[in-house]
Amino acid sequence: MSDYYPSARAKRLIGRSYDEFTRGYNPFGLIANFAVLDADASLEEIKEAFLKYGAVKIRGIYSPEKTTRLHDECIKLSKLKPKDLSLVYQSKKSPFAGGFPSVKTNSFWEYAGDKRVAQIVQAILGQNSTEIGNSVAAHYTARGIHRDYRNLTEDPTSDYFFEKPEKRIIRILHYCAPQHMHGGQLGIIPFSHDGKLWAEQTKRIGLKKDLEWFYRHRELVGKLRFSKDFSETDEIERHVVWINADPGDIVVTNSAILHCGEHITMPRYFFVSTYAEANEEILKTTDKTAELSFNIKDNLFKEYHQFLASRGFLGSNKLLKRVLK
């Protein structure tokens, strides 16, 4: 029998038939909070939506066949089949996250360097851009609310500092599964990627919480098994906006946006690729990543970035020149 823990839901009004109102409402629901566009939307429209919202779901980037193939490659790399989720629940197997798949196999190149994906990234960042990291997730979620590349996005001296960003890092989640099955969800705190937008939009909806209030979520989630009290996490999580993705969709995000992963209730796989302008600040970061994670002089690393350069990512030439010298 499962344990039942106290939560904020037990402290609010119970609805007439169900607990419709017990979590509290999300004030971000009063305004548009992320964008949804089709794969054939104009690049200018996609760029404008990305700069405003920091999160854009693009529907139908991949065919059912192509997204199923990505799903199968994630299973192959992670060695976790859908039915293994029950073993992960029992702690007999661990979820999988990471792997730098593109420098281990060319099976992921057609996704990180997909022609439409390349057009979208380059429309936002320009051609002096490159892919700076990628990973696979299987039965995995990062539940705590956080930013990516915190060494840049939370550094006041960086051009990527969320309070006043001059530059942006793009992270793309490629959601994959066989057709008619669960793709995935990404939770975001809208407008948290840009201090000016945050001030404007939270004023519109009357939200008086500052961003530091949301940072507590990651620590609180880590303590739940000891405290067994969900009151504080529920209060924070009611502000999360969930982006639902079907297989074949991608979600284009700004790495500076506060975000979190969904609860794992069914098999879940995705591939994530990250892009940035090939400037000195970014290349220093990739130097450290490459040294720690793989042999940058492997032929596959060279071939991969040559492939990206052929897809218009001219920053890959700069990256190759730097790391292969």
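This is a short tour of two sheets, a helix, a pocket and two unusual backbone spots, with something to select at each stop. Keep in mind that the model is predicted.

**Stop 1: the sheet of seven strands**

Start by colouring the strands of the open sheet of 7 strands, whose order is S1-S2-S8-S5-S10-S4-S3. Its pairing is mixed. Now find the two edges: strand S1 (35-38) and S3 each pair on one side only. Look along the sheet and you can follow its twist, which averages 20 degrees from one strand to the next.

Zoom in on S5 and S10. How do these two strands pair, and over how many bridges? They pair in the antiparallel sense, over 6 bridges. To see one facing pair of residues, select Leu-173, which stands opposite Val-272 in S10.

**Stop 2: a helix across the sheet**

Next, show helix H2, residues 64-78. This helix lies across S3, S4, S5 and S10. Turn the view until you can compare H2 with S10: the helix runs at about 95 degrees to that strand.

While you are here, select His-71, a residue of H2. Is His-71 buried or exposed? Its relative accessible area is 8%, and values under 20% count as buried, so His-71 is buried. Show its neighbours too: leaving aside residues up to four places away in sequence, His-71 touches Cys-176, Ala-177, Pro-178 and Tyr-269.

**Stop 3: the second largest pocket**

Now select Ser-135, Tyr-140, His-146, Asp-148 and Arg-171 together. Of the 34 residues that line the second largest pocket, these five lie nearest its centre. The volume of this pocket is about 690 Å³.

Which elements build the lining? At least two residues each come from strand S3 (96-99), strand S4 (129-138), strand S5 (170-175), strand S9 (259-261), strand S10 (269-277) and helix H10 (280-293). The largest share, 6 residues, comes from S4. Try colouring the lining by residue type: you should find 13 nonpolar, 14 polar and 7 charged residues.

**Stop 4: the sheet of three strands**

S9 also leads you to another sheet. Select the open sheet of 3 strands, ordered S7-S6-S9 and paired in the antiparallel way. Its edge strands are strand S7 (241-245) and S9, and each of them pairs on one side only. On average, neighbouring strands here are turned by 30 degrees against each other, direction ignored.

Look more closely at strand S6 (residues 184-188) and S7, which run antiparallel and are joined by 5 bridges. For an example, pick Ile-188 and look across to its bridge partner in S7, Val-241.

**Stop 5: two positive phi angles**

Finish with the backbone. Most residues other than glycine have a negative phi. Two residues on this tour go the other way.

Select Phe-100, in the loop between S3 and helix H4 (109-112). Its phi is near 40 degrees, a positive value.

Then move to the loop between helix H8 (211-227) and helix H9 (231-237), where you will find Lys-228. Phi of Lys-228 is also positive, near 55 degrees. How much of this residue is open to the surroundings? Lys-228 has a relative accessible area of 37%, which means that it is partly exposed.

Methods. Residues numbered from 1 in each chain as written. Predicted model: local features only at pLDDT ≥ 70, side-chain atom pairs only at ≥ 80, totals over all residues. Heavy atoms only, no water. 1 Å grid on protein atoms, 1.4 Å probe; cavity = no way out; pocket = protein on both sides within 12 Å on 5 of 7 lines; lining within 4 Å. Points joined across faces, edges and corners; volume = space filled by probe spheres on them. Helix = DSSP H or I, 4+ residues; strand = E, 2+ residues; numbered from the N terminus. Nonpolar A, V, L, I, M, F, W, Y, C, P; charged D, E, K, R; others polar. Pairing = 2+ DSSP bridges. Axes fitted to C-alpha atoms, helices over the stretch in contact; angles between N-to-C directions. Buried < 20%, exposed > 50% of the residue type's maximum accessible area, 1.4 Å probe, protein only. Contact = heavy atoms within 4.5 Å.
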